[in-house]
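Student: I have a structure open and a few questions about it. Can we go through them one at a time?
Tutor: Fine, put it up and start.

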Amino acid sequence: MSIAMKIKTCGRDPGCDLVLEHPTISRVHARIELAENGLVSLEDNRSRNGMFLNRNDSWIRARKITLSIGDRVRLGEIEVPLEQLTAVFGRRSTARLEARRFPLRQGSTGTNPFVSMRDHEPVLQKPRRNPATGKIEEN
């Protein structure tokens, strides 16, 4: 696969692979890259209105991201569906989204299955088991 087939552009310019008509979109707003392993990443092209990622119900400004299942992406004020970003490589491409992973937190005992850590990444707690029966207990 050539480099031209692995890197696509999105923006307001008619020459972009994914054209987005909106005043908050730059002419060439971002680059969409297809890695050797098939994962798709999105990189902001120093656009005026930026690129934002919503992962775990929080919007953050990002420069470059590898797209994961369940992510939401906004370029300027436009939310772009992940299917639209991966479709620029064509139906026969190996383009895919990264699986979502939540690290398990060791030794947690709480009722909320998601707990925020210092870096604000939620983690899934291990279930509490009854040592006598081995069954999962609810708190």
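Student: Where does Arg-46 lie?
Tutor: This is a predicted model, and in it Arg-46 lies in the loop between β4 (40–44) and β5 (51–54).

Student: Buried or exposed, that Arg-46?
Tutor: Exposed: its relative accessibility is 78%, and the cut-off for exposed is over 50%.

Student: What about phi of Arg-46?
Tutor: Phi of Arg-46 is near 55 degrees. That is a positive value in a residue other than glycine.

Student: Different topic, rings. How many aromatic pairs are there?
Tutor: The count is 0. Ring centres have to lie within 6.5 Å to pair.

Student: OK, charges over rings then. Where does the charged end of Arg-74 sit?
Tutor: Over the ring of Phe-52, 4.4 Å from the centre of that ring.

Student: And relative to Trp-59?
Tutor: The charged end of Arg-74 sits over the Trp-59 ring too, with 4.9 Å to the ring centre.

Student: Now the whole chain. How many helices and strands?
Tutor: The protein chain has 2 helices and 14 strands.

Student: What share of the residues is buried?
Tutor: 34% of the 139 residues count as buried.

Student: How much area does the chain expose, and what do carbon and sulfur supply?
Tutor: About 9500 Å² is exposed, and carbon and sulfur atoms supply 48% of that.

Student: Last one, contacts. What percentage join residues at least 24 apart?
Tutor: 37%, taken among contacts between residues at least 6 apart in sequence.

Note on methods: Residues are numbered from 1 along each chain as its sequence is written. This is a predicted model: local features need pLDDT of at least 70, side-chain atom pairs count only at pLDDT 80 or more; totals for chains, interfaces and linings use all residues. Side-chain values use heavy atoms; hydrogens and water are left out. Helices (H or I, at least four residues) and strands (E, at least two) are DSSP runs, numbered from the N terminus. Buried means under 20% relative accessible area, exposed over 50%, partly exposed in between (1.4 Å probe, protein chains only). Rings of Phe, Tyr and Trp (its six-membered ring) pair if their centres lie within 6.5 Å; planes under 30 degrees apart count as stacked, over 60 as edge-to-face and the rest as tilted. A charge sits over a ring if NZ of Lys or CZ of Arg is within 6 Å of the ring centre and within 35 degrees of the ring normal. Contact means heavy atoms within 4.5 Å. Accessible areas come from the Shrake-Rupley method with a 1.4 Å probe; for residues, only the protein chains shown count as cover.
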